[in-house]
Amino acid sequence: MTESIAERVARLVRPEVRALNAYHVASAAGLIKLDAMESPYTWPTEMVDGWLEMLRGVELNRYPDAAANAVRERVHTYMKVPKGVEVLLGNGSDELIQIVAMALGGPGRTVMAPAPSFVMYEIVARSLGMEFVGVPLAADFGLDEDSLLQALERRAPALLFLAYPNNPTGNLFDRAVVERVIAAAPGLVVLDEAYFPYAQRSFMPELERFPNLVVMRTVSKIGLAGLRLGVLAGHPDWLGEFEKVRLPYNISALTQASAEFALAHYAVFDEHVQRICTERRRLEQRMQALDGVHCFPTATNFILFRTGQDPARLTQAIREAGVLIKNLHQPNGPLAGCLRVSVGQPTENDAFLDALAGGL
Ligand SMILES: *Cc1c(COP(=O)(O)O)cnc(C)c1O
């Protein structure tokens with residue numbers, strides 16, 4: 001009897017991979033897209049023209065610069081990476097999470113992160129056969145210092161991820177607590193600063209101080225999500241090892257050329273970030289003014305909120321009004337009843353506010 005494909009798959013694909021769910025991306029066709037922390041702003045026409053003109057010179061018949069030196073130089077300046085600190089680029093910071101986990105991971109090794117936090121930490125850890133330990137956040141979504149310190153001692157994770165600010169909660173952890181956690185961690189700490197432009201708080205200047213710290217950034221949340229470019233900054237000894245598991249041409253020629261161009265025009269992105277921060281304040285105030293809506297504090301370009309309504313029904317009502325947001329509800333979990341909305345352009349936010357008010 002021949003083995004069916006399903007049987008072969010079940011026999012050959014590792015059980016931990018079969019147990020995973022693929023990362024789900026909702027279709028946004030025809031909707032105002034406020035579900036994925038993207039910037040709502042595109043570039044001025046002259047900038048688009050300059051970019052397209054520049055792309056003419058990209059030789060797609062050649063492999064890209066494997067070290068992506070020009071982009072790394074720009075990143076060093078733009079992200080104020082301290083002297084003596086190296087930079088490694090990833091196809092989004094998602095790939096950097098995978099690179100670090102591949103370098104430190106393997107059976108018997110543990111990855112730890114607060115819970116809830118960014119889902120890719122767990123997905124990557126599990127796909128590599130590592131144990132994942134999520135340490136519950138305190139009720140206010142701050143770090144629960146005692147239980148985190150205890151968990152670090154008991155489980156001795158090779159890798160601890162801290163999103164600063166955190167996604168999906170949006171808050172910035174207390175800096176002194178983060179410092180004590182880094183000092184106590186027996187393994188490497190990856191501080192994920194995906195929302196740095198909106199929080200303006202960073203551990204980049206502390207890289208010299210903590211020998212077990214690396215800092216991760218991305219350009220996704222400032223208007224370059226389509227580019228796929230993540231940045232890992234750390235001591236050359238750490239990055240030299242990560243470099244060995246990075247695939248040689250992970251940053252395409254188009255990405256390198258576009259990133260170099262974009263970072264030379266960083267003032268445009270800074271201005272967009274300013275506009276989004278202004279809108280964030282207005283959106284928060286308008287949401288808080290609605291009966292039964294509670295917004296959690298945010299240092300990002302999104303707002304986590306809770307209502308007394310059935311979250312699935314409310315998400316669907318908002319969708320029917322033309323706006324896509326994210327339902328984070330899990331029964332009995334810390335995010336029970338919670339939804340997340342990214343800050344869009346003023347008219348998009350108004351459409352969302354109308355849809356929310358109509359659905360309550
Ligand atoms: C969005 C996000 C990322 C992923 O960023 P990419 O560079 O687009 O892969 C990483 N960490 C956190 C906390 C995020 O919210």
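Two strands are taken as paired if DSSP finds at least two bridges between them. All views below show a predicted model.

**View 1. Strand S5 and its parallel partners S3 and S6.** Strand S5 covers residues 159–163, and five of its five residues are buried, so the strand is largely enclosed by the rest of the structure. Burial applies to both faces: Leu159, Phe161 and Ala163 lie on one side, and Leu160 and Leu162 lie on the other. Strand S3 (residues 110–115) pairs with S5 in the parallel sense over two bridges. In this pairing Met112 stands opposite Leu160 of S5. Strand S6 (residues 188–192) also runs parallel to S5, and five bridges join these two strands. Leu162 has Leu191 of S6 as its bridge partner. Pairing within a sheet goes through backbone hydrogen bonds, in either a parallel or an antiparallel arrangement.

**View 2. The open antiparallel sheet of four strands.** The strand order is S9-S10-S13-S12. Strand S9 (293–295) and strand S12 (326–327) stand at the edges with a single partner strand each, so one side of each has no neighbour in the sheet. S9 is joined to strand S10 (residues 302–307) by three bridges in the antiparallel sense. His294 stands opposite Arg306 of S10.

**View 3. Aromatic pairs Tyr78–Tyr266 and Phe118–Tyr121.** The model has 12 aromatic pairs. Tyr78 and Tyr266 form a tilted pair, with 5.7 Å from centre to centre and 50 degrees between the planes. Tyr78 belongs to helix H4 (residues 69–78) and Tyr266 to helix H12 (residues 266–288), so this contact links distant parts of the chain, 188 residues apart. Tyr78 is partly exposed at 22% relative accessibility, and Tyr266 is partly exposed at 41%. The rings of Phe118 and Tyr121 have centres 5.6 Å apart and planes at 75 degrees, so this pair is edge-to-face. Phe118 is buried at 17% relative accessibility, and Tyr121 is buried with a relative accessible area of 1%.

**View 4. An aromatic cluster and two arginines over ring faces.** Ring pairs link Trp43, Trp51, Phe261 and Phe269 into a cluster. Arg175 lies over the face of Phe203, 4.1 Å from the ring centre. Arg217 is placed over the face of Phe196, at 3.9 Å from the ring centre.

**View 5. Salt bridges Arg72–Glu86 and Arg180–Glu145.** The structure contains 21 salt bridges. In one of them, the closest N and O atoms of Arg72 and Glu86 are 3.2 Å apart. Arg72 is in helix H4 and Glu86 is in strand S2 (residues 86–90), so the pair ties together parts 14 residues apart in sequence. Glu86 is partly exposed, with a relative accessible area of 33%. The side chains of Arg180 and Glu145 meet at 2.6 Å, N to O. Helix H8 (residues 175–184) carries Arg180 and helix H7 (residues 145–155) carries Glu145, so this salt bridge ties together parts 35 residues apart in sequence. Arg180 is partly exposed, with a relative accessible area of 43%.

**View 6. Salt bridge Arg282–Asp350 and a network of salt bridges.** The closest N and O atoms of Arg282 and Asp350 are 3.0 Å apart. The pair links distant parts of the chain, with Arg282 in helix H12 and Asp350 in helix H14 (residues 346–359), 68 residues apart. Arg282 is partly exposed at 24% relative accessibility, and Asp350 is partly exposed at 29%. Elsewhere, Arg175, Glu179, Glu206 and Arg209 are joined into one network by salt bridges that share partners.

**View 7. A nonpolar surface patch and the approach of Ala264 to Arg74.** Ile5, Val9, Val13 and Val17 make a nonpolar surface patch of about 310 Å². Val9 is part of helix H1 (residues 5–12) and is partly exposed, with a relative accessible area of 40%. Ala264 is in helix H11 (residues 253–264). Ala264 also counts as partly exposed, at 40% relative accessibility. The C-alpha atoms of Ala264 and Arg74 are 7.7 Å apart in space, although these residues are 190 residues apart in sequence.

How values were computed:
Residues are numbered from 1 along each chain as its sequence is written. This is a predicted model: local features need pLDDT of at least 70, side-chain atom pairs count only at pLDDT 80 or more; totals for chains, interfaces and linings use all residues. Side-chain values use heavy atoms; hydrogens and water are left out. Patches are made of residues with over 30% relative accessible area and no salt bridge: like charges are joined within 9 Å, nonpolar side chains (Val, Leu, Ile, Met, Phe, Trp, Tyr) within 5 Å. Accessible areas come from the Shrake-Rupley method with a 1.4 Å probe; for residues, only the protein chains shown count as cover. A salt bridge is a side-chain nitrogen of Lys or Arg within 4 Å of a carboxyl oxygen of Asp or Glu. Buried means under 20% relative accessible area, exposed over 50%, partly exposed in between (1.4 Å probe, protein chains only). Rings of Phe, Tyr and Trp (its six-membered ring) pair if their centres lie within 6.5 Å; planes under 30 degrees apart count as stacked, over 60 as edge-to-face and the rest as tilted. A charge sits over a ring if NZ of Lys or CZ of Arg is within 6 Å of the ring centre and within 35 degrees of the ring normal.
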